[in-house]
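Here are some short exercises to work through with the model open on your screen. Try each task before you read its solution.

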Amino acid sequence: MLIRILLISIVTICFSAANAQTRHPGIKRTSHTTPKPVQPRRMNTFQILTNPNLWRQDFPVVLAQLPALQTAGESKLLVFPDKAVSGTPARSADEAQNQRRKIENAMEQVRTNPTPLARKLMARTTQRSLKPDIITKFPEDDSARVAIDSLQLFPAGMRVENVRRQLGAPEKTTRVVIESEGERRPLILTLYSYAGGAVVFAEADIAPRPGAVDRVILDIPAVIAALEKEVP
Amino acid sequence: MSISSSSTSVLLKALVMAIVWASILVLSSPTLKAQLVDIATNATDPSNLADTEPSIAVNPANHLEIVIVSFSEGWGPGNPGPIWRSTDGGTTWTKLFVLPQPNPSSFSTCDQKVAFDASGNLHVAQLGCGMSPPRCMIFRQTGAPGTALTFGALYGDDQPHLDMDHFAMSAFLGRLYSPWMDFSASPNPRSMTTRSANGGSSVTNVGVGDNGSFPNRTTRVAIASDGKVYVIFKTREGSTSGGFENAHFRVRRSDDGGVNWNALGATGVSVHGSGAVETWFTSSWGNAAKGKVARARSSDAWIAVDPGSGEVYAAYVKKDDSGFGQIYVARSKSLGASWSSTRVTDGTHHSAFPEIAVAQNGTVGVLYVDFDDSGASTIFRHRFARSFNGGTTWSNANLQSMDPGPIGNATSGFLWGDYEGLTAAGNTFYGVFTGQSIGRTTLQLDPIFFRRTAWQIGINPCITKPWLCTLAVMKPNLIKLECPFPDCRVIDPIPRNCLVKFDCPGCAPNGLCPPFYNIFLDGMEDNWRVQLLDPAGKVVNARQVKTATGTVVSFRPAANHFRDGKIDDYHLVFSLGPKGKVKTPYEIKTRLEASNKPFRP
């Protein structure tokens, strides 16, 4: 029986800015670093990603998919309160559909033949089936994306202050502008980086009220590299 | 030697009058700094938001009420989006959360613009970020000022602007026009205009841009007092280098309330002639090697109409022989059919982001930004230029210089937005730009309000309390004076009289200048007092003689106060006398007699 146990999912993204320019030239990303005195607590990636005061029930399930996402070529995952989205913008729904299939295959591959890290991560969570889908117009840049929704990943409206309380000051604070093809207001994200940039909490300037975490950006290779050393 | 009691009384009276007038007519230089007000405070902006892309509107029924919108808080369930409002002419500001979330999928207010109707009801064009197109809408005031607005029908997508016909003489009084960009149009993105006769409750979209060969951009609207409507847009005709592209800035006109836009032909009229100009299209406006940069893609054109003469003014960007992107203003005396341009800037700095407005007295104002990258970091300057002669010459002044480098919430790539805010109400310019905060605990970008008089001469009350000053209404052989407030000033420029009703003797170069101007003002009685100011705003030692029918102001224009042989900007300034009544029109018969001697009864 085909127990589609597990997982799935996901998403993610990411890629370098240069890569993004190549695949979706309409999106321009620029950034500027605001130097701030930092006194981060010494918390490793695993501790950050398993802090019970930050994450909700489905986050470990998504975390367990990171090896599959890496296999599918994803480098970044955008984690929202209720969904996980590929960091790779596609130029069309067809292109996104191809990537969705690639991710789905990778998830199945990892499920049947898990890496040591995947095995350890899957063992730490209740396995459930995740189904990647397509967002035809991602609001901030109108790109198509692979995503898994209907999840509970972190509390909606979680405050940046709460993150600071749990993790200490970020190692770095930067801003990035995400533009669409048109002329509407761009999205400006303030990025609070932890664990050497493996985990980034992002606050959006476009929000009903300031100070909330809009998304968490996971650097998939960096997170996997860290977890391979840190997961007991 | 003795002084009679009557003489003493006269002397005392004269002394009192002198003191009164000295206090009223405080002289000031035309280069007086604009009043800058950071409209955000630590209390109203606790999250230190950047407040970019601001726009401004002044209530035509009450110039003390001003509303500004900027990119600040968004909206959400139970959390309306904000506007900034002042009820004291811009001195103090409150943030009011009056824009309800129009749709659960929309997480924020995005592109936005404000306008008032003739009755003083606020309207706000909004793009609902997060919604699928159509996602623009007009919020309209249906309750008391400062209470939640009501949103109307959905239309279009991207960069909605807004203006409202508030002119009593217009056949389309109350009509609303909202230009926007249709990026889904074929074969190229097209400039559109939405009209509504019910404040946006229902809307009709009309294509106005010529997108047959090239994509459109930068769509802006202006309404004339007779109801004619003008739209300017650019056709993007290929990039060149250095952040520039070739373009035409075209104007189209509607004479039927926005139904048809063919009054200037099927494709409109290029305001700079047949040849293309080079204008900005860049996401890196500034010097990226020396600091943060801005985006300037829809930041190169604006349009306005003189509310008195109906002349049309279009501000646009053109890279000229100076090598710099410069601000130009084209003027049309023919309802948009033909145009002539002058340069506003001085050819020494890259400039962009022009907004233009025309005051009641015909003075033209242009807000723009330039930058200086000659030092270690790029300094951006918000500047304001005025022309008192229909755009022939310009006087430019700096509003604020800013290095965005150390400003935490200034994000490279989007510093102040695609455009900022400028409008005129009466004879005052009101503007807002996103600049360096003033008096905030944390250095940041904030919306900075400014106000500048449209009078060339410096009359103190007109600068500090511009709503007190109005222009005299001219009729054949008389002027009409009316004070809306007890301390008002009614201004009557003498050159304007010379154009319309006086036969003013001139002064040819190296020729003899005329002797005395004797201006007869019959019917003033004790209702009005009058004073004469020279072009620099100085009180002229004019002789005032009471006659049986009124007052005669007698003076000899200084030889250096003739311009091109014609009398320069002398002004009669009227204020209410002891028996004058507020909000009561008075008609004063006037005539000018030239004489070789001062008037004697």
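**Exercise 1. Salt bridges over all chains**

Find how many salt bridges the structure holds over all chains, then examine the one formed by A:Glu104.

Solution. Start with the total: this predicted model holds 33 salt bridges over all chains. Next, take A:Glu104, whose partner is A:Lys131; their closest N and O atoms are 2.7 Å apart. That distance falls inside the 4 Å cut-off for a salt bridge. Finally, place both ends in the chain. A:Glu104 sits in helix 5 (residues 93-112) of chain A, while A:Lys131 belongs to the loop between helix 6 and strand 4 (133-135) of chain A. With their positions 27 residues apart, the pair links distant parts of the chain.

**Exercise 2. Where chain A touches chain B**

Describe the contact between chain A and chain B: how many residues does each chain give, and what area is buried?

Solution. First, count the residues: chain A contributes 23 and chain B contributes 37. Second, look at the area. About 2400 Å² is buried between the two chains, and carbon and sulfur atoms give 54% of that. Third, turn to the polar side of the contact. Between chain A and chain B there are 5 salt bridges. One of the salt bridges pairs B:Arg297 with A:Glu179, with 3.4 Å between the closest N and O atoms. There are also 15 residue pairs in polar contact between the chains, counting pairs with both residues at pLDDT 80 or more.

Now ask which elements of chain A are involved. Strand 1 (29-34) and strand 6 (172-178) of chain A are the elements that give two or more residues to the side touching chain B. The largest share, 3 residues, comes from strand 1 of chain A. By class, the residues on this side of chain A are 8 nonpolar, 5 polar and 10 charged.

**Exercise 3. Two helices that cross**

Work out how helix 6 and helix 8 of chain A are oriented: roughly parallel or roughly perpendicular?

Solution. Begin with the axes: those of helix 6 (residues 116-123) and helix 8 (residues 220-230) of chain A come within 10 Å and cross at roughly 75°. Therefore helix 6 of chain A is roughly perpendicular to helix 8 of chain A. Then list the residues that meet. Helix 6 of chain A brings A:Leu117, A:Lys120 and A:Leu121, and helix 8 of chain A brings A:Ile224, A:Leu227 and A:Glu228. Sorted by class, this contact has 4 nonpolar, no polar and 2 charged residues.

**Exercise 4. Backbone features in chain B**

Locate the cis peptide bonds at B:Pro134 and B:Pro187, and the positive phi of B:Gln159.

Solution. Keep the background in mind: most residues other than glycine have a negative phi, and most peptide bonds are trans.

- B:Pro133 and B:Pro134 are joined by a cis bond with omega about 0°; B:Pro134 is in the loop between strand 7 (122-129) and strand 8 (136-140) of chain B.
- B:Ser186 and B:Pro187 are joined by a cis bond with omega about 5°; B:Pro187 is in the loop between strand 11 (176-182) and strand 12 (190-196) of chain B.
- B:Gln159 has phi near 50° and is in the loop between strand 9 (150-151) and strand 10 (163-164) of chain B.

Terms used: Residues numbered from 1 in each chain as written. Chains lettered and ligands numbered in written order. Predicted model: local features only at pLDDT ≥ 70, side-chain atom pairs only at ≥ 80, totals over all residues. Heavy atoms only, no water. Contact = heavy atoms within 4.5 Å. Buried area = accessible area lost by both parts, 1.4 Å probe. Salt bridge = Lys/Arg side-chain N within 4 Å of Asp/Glu carboxyl O. Polar contact = N/O pair within 3.5 Å; in protein donor to acceptor, adjacent residues only side chain to side chain. Helix = DSSP H or I, 4+ residues; strand = E, 2+ residues; numbered from the N terminus. Nonpolar A, V, L, I, M, F, W, Y, C, P; charged D, E, K, R; others polar. Axes fitted to C-alpha atoms, helices over the stretch in contact; angles between N-to-C directions. Parallel < 35°, antiparallel > 145°, perpendicular 65-115°, else oblique.
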